[in-house]
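The following exercises concern salt bridges, exposure, backbone angles and a pocket. Each task is followed by a solution in steps.

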Amino acid sequence: MPSWIGAVILPLSGLLLSLPAGADVKARSCGEVRQAYGAKGFSLADIPYQEIAGEHLRICPQEYTCCTTEMEDKLSQQSKLEFENLVEETSHFVRTTFVSRHKKFDEFFRELLENAEKSLNDMFVRTYGMLYMQNSQVFQDLFTELKRYYTGGNVNLEEMLNDFWARLLERMFQLINPQYHFSEDYLECVSKYTDQLKPFGDVPRKLKIQVTRAFIAARTFVQGLTVGREVANRVSKVSPTPGCIRALMKMLYCPYCRGLPAVRACNNYCLNVMKGCLANQADLDTEWNLFIDAMLLVAERLEGPFNIESVMDPIDVKISEAIMNMQENSMQVSAKVFQGCGQPKPAPALRSARSAPENFNTRFRPYNPEERPTTAAGTSLDRLVTDIKEKLKLSKKVWSALPYTICKDESVTAGTSNEEECWNGHSKARYLPEIMNDGLTNQINNPEVDVDITRPDTFIRQQIMALRVMTNKLKNAYNGNDVNFQDTSDESSGSGSGSGCMDDVCPTEFEFVTTEAPAVDPDRREVDSSSAQLGPSLLSASLVCAVLALQRLGR
């Protein structure tokens, strides 16, 4: 009705007041919308002063509106940007958890290795002086290979440690027998009998178990933190579909078009929109939770029997113990080697005049814990792992929880306590449809978002596969096996860098299986113990030389 025709007569306190019909113009004004629209940084030239017919709208209800076509397009893009930011902000905790904890653990581990190497070098220089420095390359190579393994290098820990002890035996054997000259072939013969001779006592076997399982667990754990970081970073950068963008616009900014810029979406309405837009992310949750569980299991190993700190801190003392065993058994070791590898040639007169005690008689003094370097990264492994475990537990179910977390934001919804005075997609009223379940397949009947459940997001599926692969590695590390060196011909047992753990039960430090391993020939087949004995017979010596010749040809 035109403003100048008629009047509406309203009773008020028994009086009759006459109001012109034009009094409803204020209710249809777009003033509040103009203010809110301008606060978003948009030009007010786009927006009318009063509501206009809404037949041009493509997303919002085609009723009287404060939105032009240009406004609807701009607000649609704005809703997309705000949604992307909301997802990134909501997943900020899980992303920073993996970034910061990966950095801490990596710094800790690298510093731990540096401190262990420095401690060994300092102790051996003080004890042996020039004698150690002339042979220090053996020890430097050990730490170089350990670092290379940790950083992802193709290193078989067991073979590397076996090689270390074999090289150490070669060097020490020359030092305790300076009266003889040893050729390269002879020294190679010596090294092949490291296992049978056990010149270093039981230290190599114990250290191999401790180092392999601790390094496998530590490397796999830090790889897990890397994968978690990368997956979280990738998944938090969403690319909403056209159907999702339409639903976001309808939820976030169609209230503007209806002249209700201060009205927020109903909570359940928001949940359905978010569950439709984040359906694929929710499908990541199952594999993500399995990955977190596997990380927590390996973390427990790191706190207990696979504690890398308890292995690396005293590694210099353990190696020194092995060297002392060699010194104490030098006569017996030399005699057995001479039997198996033959009598070596005498050294030149000048060298043979030096006796073994004069050449290699220094003993290690007792280990003093106060001489340890400062704790790596300013903390202990136990405290570091405990902190990581607490953060990992909080990150479970993070992807399926995204809709709920976003819809708690008071800038998005009216909250759960205001179900009547909220935007339901059409007007300010209660939202009636039921809330959808999580995941892609459950969105087939989503009333707010058009979701094609037959086309899973390829990118999300790639992240699911990355998590699955990493979870498998973590499970292997938990059992002391390095998946990179699994023997594919026998899936039930790992070869290469295995810990020797059986049936998921690994001995704690200093609790080791005492049965001796059978002798192994160069092809790693078990051989009869009688044929493996080092004896004085010519036949045994001939066999040894033949085997060594074959090995050299095979390299």
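**Exercise 1.** Classify the exposure of Arg 110 and of its salt-bridge partner, and place the pair in the fold.

*Solution.* Step 1: Arg 110 counts as partly exposed because its relative accessibility is 41%; buried means under 20% relative accessible area, exposed over 50%, and partly exposed in between, with a 1.4 Å probe and protein chains only. The model is a predicted one, in which local features need pLDDT of at least 70 and side-chain atom pairs count only at pLDDT 80 or more, while totals for chains, interfaces and linings use all residues. Residues are numbered from 1 along each chain as its sequence is written, and side-chain values use heavy atoms, leaving out hydrogens and water.

Step 2: the side chain of Arg 110 meets that of Asp 106 in a salt bridge (3.0 Å, N to O), a term that requires a side-chain nitrogen of Lys or Arg within 4 Å of a carboxyl oxygen of Asp or Glu. Asp 106 has 17% relative accessibility and therefore counts as buried.

Step 3: both residues lie in helix H3, 4 residues apart, about one turn of the helix. Helices are DSSP runs (H or I, at least four residues), numbered from the N terminus. An α-helix has 3.6 residues a turn, so residues three or four places apart point the same way.

**Exercise 2.** Determine how many salt bridges the rule yields, and examine the pairs formed by Glu 84 and Glu 421.

*Solution.* Step 1: the count comes to 26 salt bridges.

Step 2: Glu 84 pairs with Lys 80 at 2.7 Å, N to O. The two lie in helix H2 (residues 69-90), 4 residues apart, and Glu 84 is buried because its relative accessibility is 18%.

Step 3: Glu 421 pairs with Lys 428 at 3.4 Å, N to O. Glu 421 is partly exposed, with a relative accessible area of 46%, and Lys 428 is partly exposed at 40%. Elsewhere, salt bridges that share partners join Arg 101, Asp 387 and Lys 391 into one network.

**Exercise 3.** State where Lys 198 and Lys 397 lie, and give the phi and exposure of each residue.

*Solution.* Step 1: Lys 198 lies in the loop between helix H8 (194-197) and H9. Its phi is near 45°, a positive value in a residue other than glycine, and it is partly exposed at 36% relative accessibility.

Step 2: Lys 397 lies in the loop between helix H20 (381-394) and helix H21 (402-406). Its phi is near 60°, again positive in a residue other than glycine, and the residue is exposed, with a relative accessible area of 53%.

**Exercise 4.** Is helix H7 mostly covered or mostly open?

*Solution.* Helix H7 (residues 184-191) is mostly covered, with 6 of its 8 residues buried. Among the buried residues are Tyr 186, Glu 188 and Ser 191.

**Exercise 5.** Describe the lining of the second largest pocket.

*Solution.* Step 1: on a 1 Å grid over the protein atoms alone, a pocket is an open set of points where a 1.4 Å probe fits, with protein on both sides within 12 Å along at least five of seven lines; lining residues have an atom within 4 Å of a point.

Step 2: the lining has 21 residues, of which Ser 239, Thr 241, Cys 277, Asn 280 and Asp 457 lie nearest the centre.

Step 3: helices H9 (203-235), H12 (267-277), H13 (279-283) and H22 (458-478) each supply at least two lining residues. The largest share, 3 residues, comes from H13.
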